[in-house]
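Hi,

Here is the structure I promised to pass on. Have a look at it first, and my notes on what turned up follow right below.

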Amino acid sequence: MAPPVRVRRLTEQEGQKLQQIVRRGSTSSVRFRRAMMLLASAGGSTVPVIARLVQADEDTVRDVIHRFNEIGLACRNPQWAGGRPRLLNSDDEDFVIQTATTRPTMLGKPFTRWSVRKLVDHLRRNIARPVRIGREALRCLLARRGITFQRTKTWKESPDPAFDAKLERIEYAINERPDRTFAFDEFGPLRIRPTAGSCWAERGSPDRLPATYRRTHGITYFHGCYSVGDDKLWGINRRRKGIDHTWSALRSIRAARPDGAPIYVILDNLSAHLNWKIRRWATKNKVELCFTPTYASWAHPIEAHFGPLRQFTLANSNHANHTVQTRALDAYLRWRNQNARHPDVLAAQRRERARVRSERGLRWGGRPLPAAA
């Protein structure tokens, strides 16, 4: 039997980039959906579940995953190209790209970045290797090679000494014990204000939301739990983050598997998750806490499912108060759990219920139920 199609282990930069795209949803719909596919696959979701999550064909999901495993994040940008033959050879193009990505100060120029005009002038006047190229041709070359004008950003890598060990434990729980693995996280703060989004409307007549300047409703935080095995998401709004709310969520997760066998809960490194009382309770109740590495919340399986929750309940909304906002979140969660689950998941649940009934000696139609295979 062939192994399931799944993305390779993400690097820190890849995970952070995908999480940023899914959280903000500010890029094109193609990049957003492809990022959601990759992040969901990294979180342990199978191809059928991902296809239902993004409303795409399963073959499309497989193609994106295979393409990512080959070329990385460049798979987010499908390219279609054509036009007249190039006038510069490959070596000249490589030299232009190398010059464009080198700081001008390294080449003796008194400025910190290139403009198209300055770069063209420098290439023409270069004594060692002059390259004659027009401004428009330079723009096309840079775009074709993936060189764009971007803002300088900071970056960080995880300093966690147990980075690989934590990722391996999370992968073990997701791949080997999916029916006993859960993910818990919070997002917020959630404010009562009109939130920009997008929707279908007539051209030139977008849906408009009123502006507000006086906000007196305070904030809340959504505490969400995700069951990896049966693809179920649930949660509750709280006025704050805290140890007591984390403890309550863990108890609800433990109650979801009341058989007393060990379960796995994936969390990030929020201080409310690291309390010694919670750790002692988890040890006593056979709950293994699998913490994501520092600065690597992209490895959290629930992140891919928080994206649609934000996009379809908070974006393009104008809730009257926190009660209305909470009801909207609850309504979406009910709809999601009833409609966004693959038939294989439901079949597995039916087999599990049949096995439990058989073990308890219950009968259906006068005959004992057969144990699940």
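Phe 182 stands opposite Ser 227 in strand 2. That pair belongs to the ladder between strand 1 and strand 2 (residues 219–227), which pair in the antiparallel sense over eight bridges. Before you go further, please keep in mind that this is a predicted model.

Strand 1 itself covers residues 181–191, and eight of its 11 residues are buried, so call that one mostly covered. Strand 1 also has a second partner: with strand 4 (residues 263–267) there are three bridges, and here the sense is parallel. If you want to find that pairing on screen, look for Thr 181, whose bridge partner in strand 4 is Tyr 264. Ala 183 is another good landmark, with Ile 266 as its bridge partner in strand 4.

How do the strands line up in the open sheet? There are five of them, in the order 3-2-1-4-5, and the pairing is mixed. Strand 3 (232–238) and strand 5 (287–291) are the edge strands, each pairing on one side only. From one strand to the next, the twist averages 25°. As a reminder, strands of a sheet pair through backbone hydrogen bonds, either parallel or antiparallel.

Now for the two outer pairings. Strand 2 and strand 3 run antiparallel and are joined by seven bridges; to spot them, find Tyr 226, which stands opposite Leu 233 in strand 3. Strand 4 and strand 5 run parallel, with five bridges between them, and there Val 265 stands opposite Leu 289 in strand 5.

Is strand 4 buried or exposed? Five of its five residues are buried, so strand 4 is largely enclosed by the rest of the structure. The cover is there on both faces: Ile 263, Val 265 and Leu 267 are buried on one side, and Tyr 264 and Ile 266 are buried on the other.

Next, have a look at what lies on the sheet. Helix 11 lies across strand 1, strand 2 and strand 3, and runs at about 35° to strand 1. This helix takes in residues 303–313 and is mostly covered, with nine of its 11 residues buried. Among the buried ones are His 305, Phe 306, Pro 308, Leu 309 and Thr 313.

Helix 11 also packs with helix 1 (residues 12–24), at an angle of about 20° and with the axes 8 Å apart. That angle makes helix 1 roughly parallel to helix 11. Which residues meet there? From helix 1 come Gln 19, Val 22, Arg 23 and Arg 24, and from helix 11 come Glu 303, Ala 304, Gly 307, Arg 310 and Gln 311. Sorted by class, this contact of helix 1 with helix 11 has two nonpolar, three polar and four charged residues. From the helix 11 side of that contact, Glu 303, Ala 304, Gly 307 and Arg 310 are also on the list of buried residues.

There is another helix pair to look at. The axes of helix 3 (residues 47–54) and helix 4 (residues 58–71) come within 9 Å and cross at roughly 110°. Helix 3 and helix 4 are therefore roughly perpendicular to each other. In this contact, Val 47, Pro 48, Ile 50 and Ala 51 of helix 3 meet Glu 58, Val 61, Arg 62 and Ile 65 of helix 4. The residues of this contact divide into six nonpolar, no polar and two charged.

One single residue to click on is His 245, in helix 9 (residues 243–256). Why does His 245 count as buried? Its relative accessible area is 14%, and buried means under 20%. Leaving out residues up to four places away in sequence, His 245 touches His 223, Arg 238 and Arg 240.

Finally, some figures for the chain as a whole. Its secondary structure comes to 13 helices and seven strands. Of the 373 residues in the chain, 39% are buried. The accessible surface comes to about 22800 Å², and 51% of that belongs to carbon and sulfur atoms. As for contacts between residues at least 6 apart in sequence, 67% join residues at least 24 apart.

Over to you now, and happy browsing!

Note on methods. Residues numbered from 1 in each chain as written. Predicted model: local features only at pLDDT ≥ 70, side-chain atom pairs only at ≥ 80, totals over all residues. Heavy atoms only, no water. Buried < 20%, exposed > 50% of the residue type's maximum accessible area, 1.4 Å probe, protein only. Helix = DSSP H or I, 4+ residues; strand = E, 2+ residues; numbered from the N terminus. Axes fitted to C-alpha atoms, helices over the stretch in contact; angles between N-to-C directions. Parallel < 35°, antiparallel > 145°, perpendicular 65-115°, else oblique. Contact = heavy atoms within 4.5 Å. Nonpolar A, V, L, I, M, F, W, Y, C, P; charged D, E, K, R; others polar. Areas by Shrake-Rupley, 256 points an atom, 1.4 Å probe, with all protein chains shown as cover. Pairing = 2+ DSSP bridges.
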